[in-house]
Structure formats: structure tokens, C-alpha cells
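I am opening my notebook on this structure, and I mean to look up its pockets before I turn to a contact between two chains.

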There are 4 protein chains.
Amino acid sequence: MVNVTVWNEYRHEKSDEAVRKVYPEGIHGQIASFLEASSFHVRTATLDEPEHGLTEEVLANTDVLVWWGHIAHKEVSDEIVERVHKKVLEGMGLVALHSGHMSKIFMKLMGTSCDLKWREAEEKERLWVVNPSHPIAEGLGEYIELEKEEMYGEHFDIPIPDELIFMSWFEGGNVFRSGCTYRRGNGKIFYFQPGHETYPTYYHEDIQKVIINGVKWCQPTTYGYPKYGHSEALEKIQPKGE
Amino acid sequence: MVNVTVWNEYRHEKSDEAVRKVYPEGIHGQIASFLEASSFHVRTATLDEPEHGLTEEVLANTDVLVWWGHIAHKEVSDEIVERVHKKVLEGMGLVALHSGHMSKIFMKLMGTSCDLKWREAEEKERLWVVNPSHPIAEGLGEYIELEKEEMYGEHFDIPIPDELIFMSWFEGGNVFRSGCTYRRGNGKIFYFQPGHETYPTYYHEDIQKVIINGVKWCQPTTYGYPKYGHSEALEKIQPKGE
Amino acid sequence: MVNVTVWNEYRHEKSDEAVRKVYPEGIHGQIASFLEASSFHVRTATLDEPEHGLTEEVLANTDVLVWWGHIAHKEVSDEIVERVHKKVLEGMGLVALHSGHMSKIFMKLMGTSCDLKWREAEEKERLWVVNPSHPIAEGLGEYIELEKEEMYGEHFDIPIPDELIFMSWFEGGNVFRSGCTYRRGNGKIFYFQPGHETYPTYYHEDIQKVIINGVKWCQPTTYGYPKYGHSEALEKIQPKGE
Amino acid sequence: MVNVTVWNEYRHEKSDEAVRKVYPEGIHGQIASFLEASSFHVRTATLDEPEHGLTEEVLANTDVLVWWGHIAHKEVSDEIVERVHKKVLEGMGLVALHSGHMSKIFMKLMGTSCDLKWREAEEKERLWVVNPSHPIAEGLGEYIELEKEEMYGEHFDIPIPDELIFMSWFEGGNVFRSGCTYRRGNGKIFYFQPGHETYPTYYHEDIQKVIINGVKWCQPTTYGYPKYGHSEALEKIQPKGE
């Protein structure tokens, strides 16, 4: 059984009535709920818990970490970021959602500014599948339509994705690479753009499907961790004349 | 004319007679020499200069930075690393040579450990071209043979290269992705593995060709730097009913 | 000097007054005109010439072939397609424009159906740059806007591009991977979507810039053509006991 | 349950005692045997059966096709190749083994010559994993060592793989991209190099593991087949003034 930890900043829900109305149990609560229903073993963790809820023990028992953060990226301690980074390189999967693109952990794994254009305008978004045989697109139609989402637009300053799964159309005239995968060390990473806190995006069945598929895709393989450092020759080396 | 700054740690040459014998003007001196002959405008910079020779002014006049470092990666100040990182995202090219794979700047751009297997054994290396139409392979034959190089072997913990140009065969039984390109922000990056300090690798004509080609490939384009942040709609957005 | 051959089906211009009005010298005439002004050595060739204008001699003197075809793909003889295919694998560049996505030569190089969605509706298109440091984007702003273009939409059944340069937004709600590069054999290929015959797309300065950049990018390198077939060992092989 | 059809040319085994000794039930028999043990539903098909054993009915019930061919590629009828090609684009997986690189179906899907260097010299091969988190590498160590294999060497004239899983070292001084994935249409393709007919490669446990993993990876997803052709607008298009 895949062990999933859903991490949420959990601030908007406390300070903003409109967000609380959409996500009374927190964004993490809603995400955990449909992941559990899909028979993952799920726990949650939030910024204001000790060690942000991401203790060594929790991470040791996490196969895939789902990350939602927005206004408090800077409050995440560098020590915990190092810890999560190390775990990803060792094989833990990471699903970064929405404004998670500017979380410290995602930026550290990418090496770029991860910046983009944005607009909050109750705007229609249509996510087109461009990689139809990818397991993350399993069970979808040709596109997902969201009546209202925050616009995230190109240029999106990320490394070229290993795989591009979704390309989004926005009503206001922008496009976006809205579903991207990366491999870093032994870990797999899936970035998925939808999920602004004031819209009911995580109740949308196809969005749930994508996140479920993403968690499955990100789960660790049982490949032995590579050995680095000094290495003896596997074949005989001929002496070179001086 | 392309402005190139060749950065070298410049420590082995001072402390080790064997290295000084191979590179009496320093590794940077030798690299600068064949780049100048290829009509780049070249300057050099080294670790022990103020600001490691990488002042704001020097970087403002650098199109492509060539980086050789090995035993003193940790002595490079984080402030200078931030400065170089910012410049790469803005468009400056970076050619990382040999042990530069574990320099702070390369690791920051990659997001992984950049670790690998290694062995110093006067070992034959053969670099096979696997991307023959790439400008970095221009003018080469099917492979480059080096009588003696340090073995760098897989698994090499890097992000999947945007482009793989060379794959190396080592006498002792290992293989290595020895020529890789990446894009980060507006900047282009070329990693090229040969160049152990005790071997005369940077006198080899084909190795010089590759570095010259790499510098050309990494030079900035004149694309306007993308605009990030809040963005007005380009098309009219329909009001959504509540 | 780069030798460019601009190939055009040249049928719409003969049969359709509206097209002739936009392109009185043929689509090939207009493309040749701005390529010449950019100091390429340019010739043209069309479907109804003997051997479609693509004799062995013409191809032997072509560095980059630009291809525009639409309603008469099937009239291109298989023999000429084989000839062009062989030349691309040997290193000739190919710039496939607009409906060239379903030309025999493009389909043969891709291995897929190359099918897509389409609509002629005087529709606004906005081509966003998603690979800003790529030489094909040199000199552009963040996007190119075309007041009217034919919609080409996802899913576009192509192999995953080696490099994605442009992503298009269409007024009617679709997106499209509108600028893609591929390598096949020693040859480089650039597919660029705009250019419906009834719209003045090839008079647009930025579209011209992209095609000029594309031709430059596609030009052959001087790498020696790889040797295939039986090969002697480069190292001594140990006898294996039976 | 995944339906696998193992296709074999089945000629060497009939004409050559040495091959028959290694594979008394045919290469297809041995491959079918370990796939069945891994609980796939397996059938076999061979060149000399009617329609090469690949009737419409067989293909309609095939999720993944495994292909081994060598000396009789030209005897495979173009009609059957078209049929298999269509099925791959619709979603059927294809695992191409060893000399399958020059089968008509693989070449048609690639668009290149698929040529390479080769040598039969009872040579040691070591396949290094370069994509450790990929499901095709699941359960392996850092490399697979084969005491004797046929050398396949670079340059290998294939499109740049979507994913590179294995890089091989050969005793005689060559390297090879020995495990590669591609997507074509809705179908996934895995090319895996080992398997010369006179060596017992398909009895090697790790080689079996890779083929089993490859078949799993290639299985179709349930994504609805994309719709191509003329498409109505999803959004209202503004009339343009003339």
C-alpha cells in the first residue's frame, strides 16, 4: 500500500472565510479524502505543526508527498527543505500542486526561478492532454474544463519537463504547461497547476483522477540506491608507457 | 564578439608539481589560450582573487562562463554563487568542465546531488558521439580517444539531460554521459567531463574543438527577458454567474 | 552560404483567386523573397515540375528544404519522397510548414499519423515562446499574435518533440504545439504551424523571423557521416571458456 | 490481465543446430515461458504462419506485442506491417528485441535507418542503468552483466529516445543505447538490445525482469482515443472586420 503524506500550508483556510467555505477541512483535508477513497494510506501535515509535520519518522514512512503552499513559502524552514530534498533524491515521490511551483522544495529541485505570469479573474481554463498514453492521463477525455481558475501563464521558468502531459488554454489569452514530470535522483516529481484556494477545483472528479494518477506514477521503485564515490575497476586496465 | 570568462580554482597548479608541469599557466591559461585563438574575447578569473574574480562588472561583460573547480568547491562563497546563478537565468551561458559537476553553481542549477563513480587509474576513455547533427559535435569524427583520463562513471545523479551529445566508454568497464546540455531560465549550460588535472587533456585538438563548439552553443540569444508576475488579460473574460 | 530550396505544391494559387490575391508569386515566391533578403542562396521547386523540381542535382545542392503542401500530398511520388528522406538522414535540414504536417515526407520521418484537429474560422492565434533561449526564438518578444489563422489543435499525433519552441492559443478554445524540432539521422527538422493559404501570414515580420531562424538552425553540420555495419573490435576481447 | 503476443521469425532455430540447442522451443517459446510465469496471458506467432500469425483477431486481443526478427525482415508483408502500425498508434504496446531494430515495423515507427555497428565476437556486455527510478529498471542492481553478447554499437541511427534506460559497455571498446522508450500515437514502445540467437540471453534472470517490466510499462492506458479532423469552436470567435 502506498503511503501518502498530504502537506498543506493551511493558512488561507484559517484567515479567509471564503476559502474556509470551499475547504472546511482544509485543502489537505479534501485532498486526503479522495486519496483515501482511492485506497492509498494517507496522513496529513501542515506548516504550523512542529517540524511542519514532516519529522524524520513521518518522511521515513512516506512514499509520495503531496505539497500545497502559497503565501508562506518563506516560513518553511531550510532544515526541513533539506530533509525533504534528501528524501526525494532517495526515491520519495513529490506531487507539487498549484502555487507549490514557488515552494522552496520545488525551486531547489528545479534550479530555476519557477516564476510565471498570473491573474485572478474567475477565468475559464481548459487543460488539454498532449501525452495520451501516459498513465497520468489514464481515464480522462481529451481535455478537462474548469469554469474558474487562477490563470498561470507562460513563460513559466522551469527546466524543460521530462514529460509534458497537459497544456492549458485560458480565457484571457494565455497558455501554460500545466502538467509536467521530472526525475531528480531516484525520485519522481509531478507538477500540476490547478487548485486556487477560492475555487472548488479539488472537488472536480477529473482533477482528482489526475492527482490519484500522479501519486501512483510518483511512487518509488525498488531499484537499489546507486553507489557513488571511488570505484574499483571492473576490467583490467593496461599500464600506459611513460 | 563573444565575451568568455574562464574561471579556474587554480589550486592544484600551485601545490602540485605534476600538475604545474602539465599546465604551467594554469588550467585556465591553457583553456583561455585556445579560446582566444578561436577569436573569442577571453578573460580569466580564479578563486583567490577578490570576489573570486567574478565581480558584478566582470559578469556584466560575460556571455559565457567556463568553470573548472575540484578540491575547493566549498570555498566559493554563496554570495558569488547566487550572483552567477542569477546571471545564468538571465541568459549567460555556462560550460562546466570535469569536476565542475560538484561545484556549487552546477549543483544549484541541477537540483540533484550530481554525484558519480570515479577512479584515477591512467585509464583509456573513448567519447562516442550520439547526437551527430548537434553543433557541439561539429567537425568531429565518430569518437574521441583519450589515452588517459580519470574515470567518471554511472550512475551520474543529474537531471535527464535536455540533449545527450557524448557517451563515454572506459577501459575499466564503466560508461558515462560525458557531454550533456541543459537550459535553465534564459541560460544554456553544457557539461563536458574530460579534464583531470594531471593529464594533458586540454591540449587535445578534439577536446578543444568541443569546448569551442560548446562556448558557441551556450552564447546568449537576443530574446527579450520574459516578464513574470501579475498580468492583465489579453482577451475579454466573461463574467461567471454565481 | 546556406543553399535553401523552397518547395511548394503551388495549386491553391492557380485555382483560387482569393489565394492568388494574397500570394501573386505563389507561397514559394513570398517565402523565397524574404529568405533571399536574409542572404540565403534560394531556389524554388513545385509539384508540377519534372520530378517535382527535386532532382538529384537540386537536392545535392540543397542544405535546407522548406516544404509547403496541402491538397495534393498524394500526388508527390514515392520515389521522390524516398530521395528526400535519404537526403534528410544524410544531413539536409527540413522546415515543414503548416499543412506540411501531413506531407508524405514529414509523416515518413515521424512514424505517426500526424493528424490533428482543424477549423477555418478567421480565428485569432497567439504563439507563445516556451523555449526562450533557443536560437529559433531569437529576436522575438514573448508571443506572436496573428489576427487570423486556421486553427490546428491538440491532440496532434506526433512523436514527442525533441524541443518545443512555441505553444499556440486559439480564440475558439484550442491549444497546439506550433513549433517543434526533431533530429532524424544527421538531419534536423523544424515544424512550424502558421501559414494558411488565404491569410497573409508569410508577410508577418515575426513569422518571417522564425522561418529564417529555423532555416539557420536546420543547416547541416560538418560532422562525418557515421559508419554502420560490421565493425572490428577497438580493444582486445578475451576468449571465453566453453 | 495483460494479453501478450510474442512474435518470432523462427528461422534460425530451424536451420541452425547451435541455435536450436539454446532455444529448443524457439526464442518465442522461451520468452513466452517466463512471461506466462509472470502471469501475463501469452500467445505466440511466427513468420511462417498464415498472416504471420498476426490476424486481425489476434491483434484485436493483443495488449502488447513482443517482436524478435533478424534474417527475414523483408519477408514480413507490408500489409501486416500496416496492420501492426495502425494497432500501435491505437494503443497497443510494442517491445522490440535485439535485431528487431531493423524490422519493418520498428523502422516505420522511427522514421530513420535504425542502422548501427555490430560484431559477433563472444564479447562481454555490461548494461548500466541510467534512469534508476524508471519502472523498467525496477528490481535491478546498478548493471546487468552478460558474459557473451553480440556487440551493437553507436552511432545507432534512431530518433532521440523519449527515455534512455540502459547504456551498454562492450569489451571491444563500443557503447550503445541499449534500452530506449518511445511513444507513437497512443502506443508505447520499448527497444531492448540483448538477445543474439546463439547465446542464452533470454535465460538470464535480469534480462527476463527487464522484458517483464517492459511489457508492463507498454500496456495500453484507457484514455479515449483522440478525435481528429474538423472541429467546432469551443468558444465564441469574434468576427474580423475586412
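**Entry on the largest pocket.** I asked first which residues lie nearest the centre of the largest pocket. In this predicted model, I found them to be Lys104(A), Met107(A), Lys108(A), Glu82(B) and Lys108(B), out of a lining of 35 residues. I noted a volume of about 1200 Å³ for this pocket.

I then looked up which elements build the lining of the largest pocket, and I found that at least two residues each come from helix 5 (78-90) and helix 6 (104-110) of chain A, and likewise from helix 5 (78-90) and helix 6 (104-110) of chain B. Helix 5 of chain B gives the most, with seven residues. Sorting the lining by class, I wrote down 13 charged residues, 11 polar ones and 11 nonpolar ones.

**Entry on the second largest pocket.** I next turned to the second largest pocket, for which I noted a volume of about 890 Å³. Its lining is made of 25 residues, and those nearest the centre are Lys104(C), Met107(C), Lys108(C), Glu82(D) and Lys108(D). Two or more lining residues are given by helix 5 (78-90) and helix 6 (104-110) of chain C, and also by helix 5 (78-90) and helix 6 (104-110) of chain D.

I also checked where the largest share of this lining comes from, and it is helix 5 of chain D, with five residues. By class, I recorded 10 charged, nine polar and six nonpolar residues in the lining of the second largest pocket.

**Entry on the contact between chain C and chain A.** I then asked how many residues each chain brings to the contact, and I found 22 from chain C and 22 from chain A. The area buried between these two chains is about 1800 Å², with 66% of it given by carbon and sulfur atoms.

For the pairings across this contact, I counted two salt bridges between chain C and chain A. I looked up the one that Lys117(C) forms with Glu142(A), in which the closest N and O atoms are 2.8 Å apart. I also noted eight residue pairs in polar contact between the two chains, with both residues at pLDDT 80 or more.

On the side of chain C that touches chain A, at least two residues each are supplied by strand 5 (117-129), strand 7 (163-170) and strand 8 (175-184) of chain C. Strand 7 of chain C provides the largest share of that side, five residues. I closed this entry with the classes on the same side of chain C, which are 11 nonpolar, five polar and six charged residues.

Conventions
Residues numbered from 1 in each chain as written. Chains lettered and ligands numbered in written order. Predicted model: local features only at pLDDT ≥ 70, side-chain atom pairs only at ≥ 80, totals over all residues. Heavy atoms only, no water. 1 Å grid on protein atoms, 1.4 Å probe; cavity = no way out; pocket = protein on both sides within 12 Å on 5 of 7 lines; lining within 4 Å. Points joined across faces, edges and corners; volume = space filled by probe spheres on them. Helix = DSSP H or I, 4+ residues; strand = E, 2+ residues; numbered from the N terminus. Nonpolar A, V, L, I, M, F, W, Y, C, P; charged D, E, K, R; others polar. Contact = heavy atoms within 4.5 Å. Buried area = accessible area lost by both parts, 1.4 Å probe. Salt bridge = Lys/Arg side-chain N within 4 Å of Asp/Glu carboxyl O. Polar contact = N/O pair within 3.5 Å; in protein donor to acceptor, adjacent residues only side chain to side chain.
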